[in-house]
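Good morning, everyone, and thank you for making room for me on the agenda. I would like to walk you through one structure slowly, so please keep the picture in view while I talk.

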Amino acid sequence: MKRREKLLFISGTLPKDGYGSHIIFLRHLIGLEEAGYDICVASRDRWLESKPNGMPNSWQTIKIPDRKAFWLPARASSKLSMSLRFRAQASHVLARIDRDTVKAILTNVWDHYCGVAAVAAKRLSVPLHVFVHDDPVSWATVNGSNANYVKWRSHFALSRADKIFSVSQRLSNALNCDRFPGHELIRPIPAKNDSRIRSDPFSEKPVLGFMGKVYPGAEETLKHLADRLNLIGGTLVIVTDKKFHALLNRPNIVVREPFETAFEAKNYLLSKVSA
């Protein structure tokens, strides 16, 4: 009996129910499984102690430890040090999967696991497909992290990719994705349409909803939108992490912390918004 081909997703962004990149990757991988592939997810060990919300039981998971006694220390200030860590963790993953069945490796530029994925793809001589859903360099700059290392790490993966899927042209421009071959835009997979969704942009006092992370610079856009809504008595309802709440200081912005599942979040927004 012929074994099914497997897609290996190596990332610190777990495909799971919720919001942001997590649920988009979940939808991508579910679609690929429905197309006939087996799915394996490799990520940080502590994040896989229990099955993430919404992840199918049919998927294989591989826990990647942060360190082992015989691994050399990893320091973000040293490209050599991080390159060695990429290789050590790639070896750990590949020792726990049937290499002959791996058709391609998927990852995203966010954390160092994109480097692990790049090394693993080269070892197996299979295509590397990289999603660009976030701008890690801007995040590092805002948060005071080592932006030079993050830029090098992102380039490490993107320059080795056979395919790069950017979620928007803005993100593509931020990471200079167009200079790499195999780049294309691929929009996020939306949730299935819900007949309960109301769309009444001409409501006397419109209430708009937004769910997701507030990325660097995005808070200004959201506050500008809130200011425009305020002129006509409108409100902006935002579901996002608590750490972003202070950025959204407008009297007509209502902020709610994330829910466990996208279904709960959608029900919440449906009960609040007019468009």
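I will go through the helices, then the aromatic rings, and finally two residues with an unusual backbone angle.

Please bear in mind throughout that this is a predicted model. Let us begin with helix H3, which runs over residues 113–124. At 1.5 Å a residue, its 12 residues should span 16 Å, and the end C-alpha atoms are indeed 16 Å apart, so the expected and the computed span agree. How many of the residues of H3 are buried? The count is 10 of 12, so that this helix is mostly covered, taking buried to mean under 20% relative accessible area. Among the buried residues are Tyr113, Cys114 and Gly115 towards the start of the numbering, and Leu124 at residue 124.

Helix H2, residues 79–94, passes the same kind of check, since its 16 residues should span 22 Å at 1.5 Å a residue and its end C-alpha atoms are 22 Å apart. Its buried residues include Met82, Phe86, Val93 and Leu94. What do the buried residues of H2 pack against? They pack against strands S1, S2 and S3, and also against helices H3 and H5.

There is also a surface feature to notice here, because Leu72, Leu80 and Leu84 form a nonpolar patch with about 310 Å² of accessible area together. Leu72 lies in the loop between strand S3 and helix H2, and with a relative accessible area of 57% it is exposed. For contrast, look at His28 in helix H1, which at 13% relative accessibility counts as buried. Leaving aside its neighbours within four places in sequence, His28 is in contact with Phe131, Ile186 and Ile189.

Now to the aromatic rings, of which the structure holds 9 pairs. One of them joins Trp110 and Trp139 in an edge-to-face arrangement, with 6.2 Å from centre to centre and 90° between the planes. This pair links distant parts of the chain, as Trp110 sits in the loop between strand S4 and helix H3 while Trp139 belongs to helix H4, 29 residues apart. Trp110 is partly exposed at 25% relative accessible area, whereas Trp139, at 10%, counts as buried.

In the pair of Tyr149 and Trp152, the ring centres are 6.0 Å apart and the planes meet at 35°, so this pair is tilted. Why are they about one helical turn apart? They are 3 residues apart in helix H5, and that separation corresponds to about one turn. As a general point, an α-helix has 3.6 residues a turn, so residues three or four places apart point the same way. Both Tyr149 and Trp152 are buried. Elsewhere, ring pairs link Phe9, Phe25, Phe131 and Phe165 into a cluster, and Phe131 is the residue we met as a contact of His28.

That leaves the backbone angle. Most residues other than glycine have a negative phi. Which angle does Ser125 take just after helix H3? Ser125 has a positive phi of about 55° although it is not a glycine. Ser125 is found in the loop between helix H3 and strand S5, and it is exposed, with a relative accessible area of 65%. Asn176 likewise has a positive phi of about 55° without being a glycine. Asn176 lies in the loop between helix H6 and strand S7, and at 43% relative accessibility it counts as partly exposed.

Key
Residues are numbered from 1 along each chain as its sequence is written. This is a predicted model: local features need pLDDT of at least 70, side-chain atom pairs count only at pLDDT 80 or more; totals for chains, interfaces and linings use all residues. Side-chain values use heavy atoms; hydrogens and water are left out. Helices (H or I, at least four residues) and strands (E, at least two) are DSSP runs, numbered from the N terminus. The expected span of a helix is 1.5 Å times one less than its number of residues. Buried means under 20% relative accessible area, exposed over 50%, partly exposed in between (1.4 Å probe, protein chains only). Patches are made of residues with over 30% relative accessible area and no salt bridge: like charges are joined within 9 Å, nonpolar side chains (Val, Leu, Ile, Met, Phe, Trp, Tyr) within 5 Å. Accessible areas come from the Shrake-Rupley method with a 1.4 Å probe; for residues, only the protein chains shown count as cover. A salt bridge is a side-chain nitrogen of Lys or Arg within 4 Å of a carboxyl oxygen of Asp or Glu. Contact means heavy atoms within 4.5 Å. Rings of Phe, Tyr and Trp (its six-membered ring) pair if their centres lie within 6.5 Å; planes under 30 degrees apart count as stacked, over 60 as edge-to-face and the rest as tilted.
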